[in-house]
Amino acid sequence: MKCFPLILVVALITAVANCTLVYGQDSKNASACQDIITNSSTSTLTDRIDGYYFAALCYWKIGDGDNAMLAFAKAEVLGRKTAKNSTAIKAREGLEKLYRSLHNNLTIGIEKVYRRAEDSLSELDK
């Protein structure tokens, strides 16, 4: 079992807690969700996958479906680089569930979300 660095765990918990507070105030401010991604962006690949997954959950909770789908897709795309990452599998399932809920229970066109995620990740790697 991999252990997360303590500082990353604290940062993720704080960001998720902030996201919950933002949601409770009915605000569409997604900076708390973005903080999750920012705090995990300099970590290992597994930490980045987890960061995008938790950010997707945060965006989904505040009702930002587009950013949630993109974050789920980024987690899944990064997960393709590792062998059977369970978070990447959950991200794919989350993306499909959210995408279906927004597109009449169909997954037609979901590849566009994956392309956006791949393009965004390649821009970050430059």
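Leu57 is partly exposed in this predicted model, its relative accessible area being 34%. The residue has its place in helix α3, which covers residues 45–62, and on the surface Leu57 joins Phe54 and Trp60 in forming a nonpolar patch. Taken together, Phe54, Leu57 and Trp60 offer about 240 Å² of accessible area. Leu57 can belong to such a patch because its 34% relative accessible area passes the required value of over 30%.

Helix α3 also takes part in a covalent link, for Cys58 lies in this helix and its partner Cys33 lies in helix α2, made up of residues 31–40. The two cysteines form a disulfide in which the sulfur atoms are 2.1 Å apart, and the structure holds one disulfide. Because Cys33 belongs to helix α2 and Cys58 to helix α3, the pair ties together parts that are 25 residues apart in sequence. The link between Cys33 and Cys58 is left-handed, with an angle of -75° about the S-S bond. While Leu57 is partly exposed, both Cys33 and Cys58 are buried.

A further set of contacts involves charged side chains, and here the count comes to two salt bridges. In one of them Arg80 pairs with Glu76, and the closest N and O atoms of these residues are 3.0 Å apart. Glu76 counts as buried, because its relative accessibility is 11% and the limit for a buried residue is under 20%. Arg80, by contrast, is partly exposed, with a relative accessible area of 48%, a value that falls between the limits of 20% and 50%.

Arg80 also meets the side chain of Glu118 in a salt bridge, again with 3.0 Å from N to O. Glu118 lies in helix α6, which runs over residues 110–125, whereas Arg80 lies in the loop between α4 (65–79) and α5 (86–102), so this pair ties together parts that are 38 residues apart in sequence. Glu118 counts as partly exposed, at 35% relative accessibility. Through these contacts Glu76, Arg80 and Glu118 are linked in a network of salt bridges, in which Arg80 is joined to Glu76 and also to Glu118.

Definitions and conventions. Residues numbered from 1 in each chain as written. Predicted model: local features only at pLDDT ≥ 70, side-chain atom pairs only at ≥ 80, totals over all residues. Heavy atoms only, no water. Patch = residues over 30% accessible without salt bridge, like charges linked within 9 Å, V, L, I, M, F, W, Y side chains within 5 Å. Areas by Shrake-Rupley, 256 points an atom, 1.4 Å probe, with all protein chains shown as cover. Salt bridge = Lys/Arg side-chain N within 4 Å of Asp/Glu carboxyl O. Helix = DSSP H or I, 4+ residues; strand = E, 2+ residues; numbered from the N terminus. Buried < 20%, exposed > 50% of the residue type's maximum accessible area, 1.4 Å probe, protein only. Disulfide = S-S within 2.5 Å.
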